[in-house]
Amino acid sequence: MAKAVKVPTLYEMQEYLEAWKADSQNRINDVDHAAMHKEMTLRIFAVDMTDDVKLTAWKFCKELTKYAHAPVSPAEYKRMEKWLAETGLIDTLLKACDGYYPDPAFKYNFDTIGFAYSIALISQSQYRRSDCLALLDKITQYYVSTKDDWYTVLLRNMTKLVKDFPDLAPFKTALESI
């Protein structure tokens, strides 16, 4: 029988982070705790979702801790293909990514990797495609207007994926104008 996965609640994550801030030497360095340190994990778990989606989201967040940088190569973008059938996760990411813009200075406490992979997944999803494109448009317009350096990560996303997803072309064009 498979071991049951314990999915922490948002409250448990926040409690852990407070305890860690109080005594950063007293922590466990494992994937669960690494996932709890990610801004994207907290944003994802702030979204209301079913227990099944929470389990999927927790697995997604834990997987993100394995990546050392935002996606660059086609193979790294393909990592998200296995999540495309998880419509509840897509729903959650659409909400979690809305209004979140990683710090252009790539500050230590900002989770640019989690955001970049979430955007890569949303960019490839055909589920609620119009909502995915609307969010990508909102994010693109933010970076076009602010010209924050993080736009290069978003531009790379569009450049790598536009061949398979031609509806990303307007975002690529807008970002290239910066």
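## Working through an all-helix chain

The accessible surface of the protein chain comes to about 9500 Å², and carbon and sulfur atoms account for 53% of that. Keep in mind that this is a predicted model.

**Exercise 1. Work out what the secondary structure of the protein chain consists of, and how its radius of gyration sits against the globule rule.**

Solution.
- Start with the count: there are 10 helices and zero strands.
- Read from the N terminus, the elements go α-α-α-α-α-α-α-α-α-α.
- Next, take the radius of gyration, 16 Å, and set it beside the 16 Å that the globule rule gives for 178 residues; the two are close, so the chain is as compact as a globular protein of that length.
- For the outline, the C-alpha trace spans about 45 × 40 × 30 Å along its principal axes.
- Finally, look at the contacts: of those between residues at least 6 apart in sequence, 68% join residues at least 24 apart.

**Exercise 2. Find the residues that touch the most other members of the largest nonpolar core, and the helix that gives the most to this core.**

Solution.
- Begin with burial: 47% of the 178 residues count as buried.
- In soluble globular proteins, nonpolar side chains tend to be buried together.
- Here the largest nonpolar core holds 59 residues, and I44, F45, F60 and L168 touch the most other members.
- Helix α7 (residues 112–124) is the top contributor to this core, with eight residues.
- Now zoom in on L168: leaving out residues up to four places away in sequence, L168 touches S123, R129, L133, L136, M158, L161 and V162.

**Exercise 3. List the buried residues of helix α9, then say which helices they pack against.**

Solution.
- Helix α9 covers residues 151–161, and its buried residues are Y151, V153, L154, L155, N157, M158 and L161.
- An α-helix has 3.6 residues a turn, so residues three or four places apart point the same way.
- With that in mind, try picking out Y151, L154, L155 and M158 from the buried set.
- As for partners, the buried residues of α9 pack against α5 (74–78), α7, α8 (129–146) and α10 (169–176).

**Exercise 4. Is T41 buried or exposed, and what does T41 touch?**

Solution.
- Place T41 in helix α3, residues 39–45.
- The cut-off for buried is under 20% relative accessible area.
- T41 has a relative accessible area of 2%, so T41 is buried.
- Its contacts, not counting residues up to four places away in sequence, are M13, A35, W58 and C61.

**Exercise 5. Describe the phi values and places of R128 and K147.**

Solution.
- First the background: most residues other than glycine have a negative phi.
- R128 is not a glycine, yet its phi is positive, near 50°.
- K147, also not a glycine, has a positive phi of about 60°.
- Then find them on the chain: R128 is in the loop between α7 and α8, while K147 lies in the loop between α8 and α9.
- For R128, the relative accessible area is 33%, so R128 is partly exposed.

**Exercise 6. Place R79, then give its accessibility and its contacts.**

Solution.
- R79 is in the loop between α5 and α6 (87–97).
- Its relative accessibility is 31%, so R79 counts as partly exposed.
- Setting aside residues up to four places away in sequence, R79 touches E63, Y67 and Y117.
- To finish, check R79 against I178: 99 residues apart along the chain, their C-alpha atoms are separated by 28 Å.

Technical notes:
Residues numbered from 1 in each chain as written. Predicted model: local features only at pLDDT ≥ 70, side-chain atom pairs only at ≥ 80, totals over all residues. Heavy atoms only, no water. Helix = DSSP H or I, 4+ residues; strand = E, 2+ residues; numbered from the N terminus. Rg over C-alpha atoms; globule rule 2.2 N^0.38 Å. Buried < 20%, exposed > 50% of the residue type's maximum accessible area, 1.4 Å probe, protein only. Contact = heavy atoms within 4.5 Å. Areas by Shrake-Rupley, 256 points an atom, 1.4 Å probe, with all protein chains shown as cover. Core = buried A, V, L, I, M, F, W, Y, C linked by side-chain atoms within 4.5 Å.
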